[in-house]
Amino acid sequence: MARLYNGVFSLHGTWAMILTLFSSSFVHPFTPARIPRPNSSPHPAILSSSSALLSSTNVDHDAKNTNGLLSRESASLSSVDPDIQRLIGLEEDRQRYGLELIASENFVSKAVKEALGSCLTNKYSEGQVGKRYYGGNEYIDEIETICMERALELFDLDPAVWGVNVQPYSGSPANFAAYTALLQPHDRLMGLDLPSGGHLTHGFQTPKKKVSATSVYFESMPYIVDPSSGLIDYDDMERRAKMFLPKLLIAGGSAYTREWDYGRMRQIADSVGAYLMVDMAHISGLVAGKVVANPFDYADLVTSTTHKTLRGPRSGMIFAKVEMMDKINQAVFPMLQGGPHNHQIAALAVALKEASTPEFARYAKSVVANAKALGKVWLREVTISSPVEQTIISFCGMSNRRLASLDPRWNGY
Ligand SMILES: Cc1ncc(COP(=O)(O)O)c(C=O)c1O
């Protein structure tokens, strides 16, 4: 029986098997009997034989203990793998005692880490809530539903107007899923150029190389910042859009320190019949804390990572108008991904709960205040020591968001 059960899983990638398995009310013919809970004190022999039904690979054949499975499940990292435990400890010290100024990183709470390190990592749940290709998803469905509800609530979104998919593994897959949903191969997209502060996944390429797959599968022309001011040149963006006629215009980036003019970008998108997408990966925590402009007022869809200013696990989200959600859901699964990372989704639910508190709003406010203070100091220092023009100096230190950027050209780079 154990062998047959494993056989089902080894076949799980084939559509024939998936179609057979697909039903929310499906009862798997090989579903193992429930293992009695520990407080009912089962005989150890019952536990080990029931567990063996789950999967023969669960049994640790090398374990000295006759209860091999139990000892493997309960043994701590320090006894199983001291090398990795030591390195994690060193990394924890590095993070705790070093000065981290990497804008795309953050520090999650203990509660988020507990959800990440939970049994949810064991579970397969391909599909959507209530429509899974595997049995046993009653709790996973509840977790994903809570996560989606919290995501919509956090950004004050009406579920009659907006939907969300919380299954993307991270920000880059979320963006690729959004493009897959909306565009055909070789359709055109336009985002902020990487050297201007944009992101790879917004179609980055160089004259010699299509660096991001988003420039291989789609045609990309970037818009840029004015090199003298460091600000996005919206007039130039409009000229380029009218020539290039993108089907998708993307706002958002990794190193753009100023507020976005979403209203102007909406007008530009409308003038060429493009969708407007905002990738708020870097600022989703600030949007939640209401300290920056709200992209949802203008965008057709909004993507985000969840591990930057939002202070959550490494994951991604795609928000879209409800009429687009079927296409978005299909693009995430089955077009691009397999089983959702349920431990991440649960941890994201926790982070979204944390982000809805007044404490988080205060945190978002202070992030902006700190970036501004840092920018001011840089500006003063660079102004004193720079041998170059004020125009280049003005490229640095003027942050009105959570980032301060410094243009190294003032120092001869
Ligand atoms: C604007 C933006 N979008 C997407 C991503 C991609 O996120 P991930 O690294 O999770 O794939 C990043 C990462 O830094 C980003 O800055």
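**Briefing: cysteines, cores and a mixed sheet**

Cys147 counts as buried, since its relative accessibility is 0%. Keep in mind that this is a predicted model. Besides the cysteines, the points below cover two nonpolar cores and an open sheet of 7 strands with helices packed on it.

**Cysteines**
- Cys119 sits at a relative accessible area of 56%, so it goes down as exposed because the cut-off for that label is over 50%.
- As for disulfides, the count is 0.

**Nonpolar cores**
- The largest nonpolar core has 52 residues, and the members touching the most others are Phe155, Trp260 and Phe319.
- Take Phe319: skipping neighbours within four places in sequence, its contacts include Ala151, Leu152, Phe155, Trp162, Met280, Phe296 and Leu301.
- Another core lies apart from that one, with 21 residues, including Ala174, Ala178, Leu248 and Ala331.
- As general background, nonpolar side chains tend to be buried together in soluble globular proteins.

**The sheet**
- Its 7 strands run in the order 3-9-8-7-6-4-5, the sheet is open, and the pairing is mixed.
- At the edges you'll find strand 3 (162-165) and strand 5 (219-220), each paired on one side only.
- Strand 7 (residues 275-279) pairs with strand 8 (residues 301-305) in the parallel sense, over 3 bridges.
- Met277 has Leu301 in strand 8 as its bridge partner.

**Helices on the sheet**
- Helix 8 (residues 138-154) packs against the sheet, touching strand 3 and strand 9 (316-321), with its direction at about 130° to that of strand 3.
- Helix 11 (residues 234-244) also packs on the sheet, touching strand 4 (188-190), strand 5 and strand 6 (248-251); its direction makes about 180° with that of strand 4.

Notes. Residues are numbered from 1 along each chain as its sequence is written. This is a predicted model: local features need pLDDT of at least 70, side-chain atom pairs count only at pLDDT 80 or more; totals for chains, interfaces and linings use all residues. Side-chain values use heavy atoms; hydrogens and water are left out. A disulfide is a pair of cysteine sulfur atoms within 2.5 Å. Buried means under 20% relative accessible area, exposed over 50%, partly exposed in between (1.4 Å probe, protein chains only). A nonpolar core is a set of buried Ala, Val, Leu, Ile, Met, Phe, Trp, Tyr and Cys residues joined through side-chain atoms within 4.5 Å. Contact means heavy atoms within 4.5 Å. Two strands pair if DSSP finds at least two bridges between them. Helices (H or I, at least four residues) and strands (E, at least two) are DSSP runs, numbered from the N terminus. Axes are lines fitted to C-alpha atoms, for helices over the stretch in contact, and angles run from 0 to 180 degrees between N-to-C directions.
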